[in-house]
Amino acid sequence: MSSEPILLSKALASFDALWSPRIVTRVNDYDVRIAKVEGEHIWHAHDDTDEFFLVLEGELHISLREPDGERTVLLTQGAVFTVPRGTEHKPHAPSGAAILMFEPTGTPTVGDRHDEVPDHVDSTIGHALDNT
């Protein structure tokens, strides 16, 4: 991890891959990840951790399967939302977005339970950020 400040706009400009988060820094045992997203992710759940989202650019929709049924939250630029552990969810960004996520180091992007992973979704625990 860098011992220098990281400009998120420069970090986002350093890669083009969608649904493929980059780790910008760590806080204790948590990764701070950024990603470019467009289209749909997959239904998945993280059994042992919440998942924090901050929209840096664009809009992110997160569909949730909750005890009372399905609902979708809309996050605009600057909005934050935490998906509770164990909740099935599916992020999607019809017009594209840049997001920041905060989750324990080693957390897979497709969760512990998930639908089949299509080619456009990177199943990873995050990639190192290059060229910042």
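This text walks through the predicted model, from overall fold to single residues.

The chain has one helix and 10 strands. The helix comes at the N-terminal end of the order, which reads α-β-β-β-β-β-β-β-β-β-β. The radius of gyration is 14 Å, close to the 14 Å that the globule rule gives for 132 residues, so the chain is as compact as a globular protein of that length. Its C-alpha atoms fill a box of roughly 45 × 30 × 30 Å along the principal axes. Of the 132 residues, 43% are buried. Contacts reach far along the sequence: among those between residues at least 6 apart, 68% join residues at least 24 apart.

Strand S5, residues 60-66, is a good place to enter the fold. Five of its seven residues are buried, so S5 is largely enclosed by the rest of the structure. S5 has pairing partners in S6 and in S8. Seven bridges join S5 to strand S6, residues 69-75, and the two run antiparallel. Two residues lie between S5 and S6, and the strands form a hairpin. Within this pairing, His 61 has Leu 74 of S6 as its bridge partner. Strand S8, residues 88-104, also runs antiparallel to S5, and five bridges join them. Here Leu 64 is matched with His 89 of S8.

Next comes the interior. In soluble globular proteins, nonpolar side chains tend to be buried together. In this model the largest nonpolar core has 16 residues. Those with the most contacts inside it are Val 37, Phe 53, Leu 60, Ile 62, Leu 75, Phe 81 and Ile 99. Six elements each give two or more residues to this core: S2 (30-40), S4 (51-58), S5, S6, S7 (80-83) and S8. S8 gives the most, with four residues. A second, separate core has nine residues, including Phe 15, Val 24, Val 32 and Ala 98.

Ile 99 shows how the larger core is knit together. Leaving aside residues up to four places away in sequence, Ile 99 touches Arg 33, Ile 34, Ala 35 and Val 37, and also Phe 53, Leu 54, Val 55, Leu 56 and Leu 60.

Aromatic rings add further links. The structure holds one aromatic pair. Tyr 30 and Phe 102 are stacked, with centres 5.0 Å apart and 5° between the planes. Tyr 30 lies in S2 and Phe 102 in S8, so the pair ties together parts that are 72 residues apart in sequence. Are these two rings buried or exposed? Tyr 30 has a relative accessibility of 34% and counts as partly exposed. Phe 102, at 29%, is partly exposed too.

Charged side chains also sit over rings. Arg 65 lies over the face of Trp 43, at 3.7 Å from the ring centre. Lys 36 lies over the face of Phe 15, at 5.4 Å from the ring centre. Phe 15 belongs to the second core.

Now the backbone. Most residues other than glycine have a negative phi, and most peptide bonds are trans. Trp 19 is not a glycine, yet it has a positive phi of about 55°. Trp 19 lies in the loop between helix H1 (8-13) and strand S1 (22-27). Its relative accessibility is 4%, so Trp 19 counts as buried. Asn 28 also has a positive phi of about 55° without being a glycine. Asn 28 is placed in the loop between S1 and S2. With a relative accessible area of 74%, Asn 28 is exposed.

The last stop is Gly 106, in the loop between S8 and strand S9 (113-114). What does Gly 106 touch, not counting residues up to four places away in sequence? Its contacts are Asp 31, Arg 33 and Ile 125. Gly 106 is partly exposed, at 34% relative accessible area. Gly 106 and Ile 34 are 72 residues apart along the chain, and their C-alpha atoms are separated by 15 Å.

Notes
Residues numbered from 1 in each chain as written. Predicted model: local features only at pLDDT ≥ 70, side-chain atom pairs only at ≥ 80, totals over all residues. Heavy atoms only, no water. Buried < 20%, exposed > 50% of the residue type's maximum accessible area, 1.4 Å probe, protein only. Pairing = 2+ DSSP bridges. Core = buried A, V, L, I, M, F, W, Y, C linked by side-chain atoms within 4.5 Å. Contact = heavy atoms within 4.5 Å. Phe/Tyr/Trp six-rings, centres within 6.5 Å; stacked < 30°, edge-to-face > 60°. Lys NZ or Arg CZ within 6 Å of the ring centre and 35° of its normal. Rg over C-alpha atoms; globule rule 2.2 N^0.38 Å.
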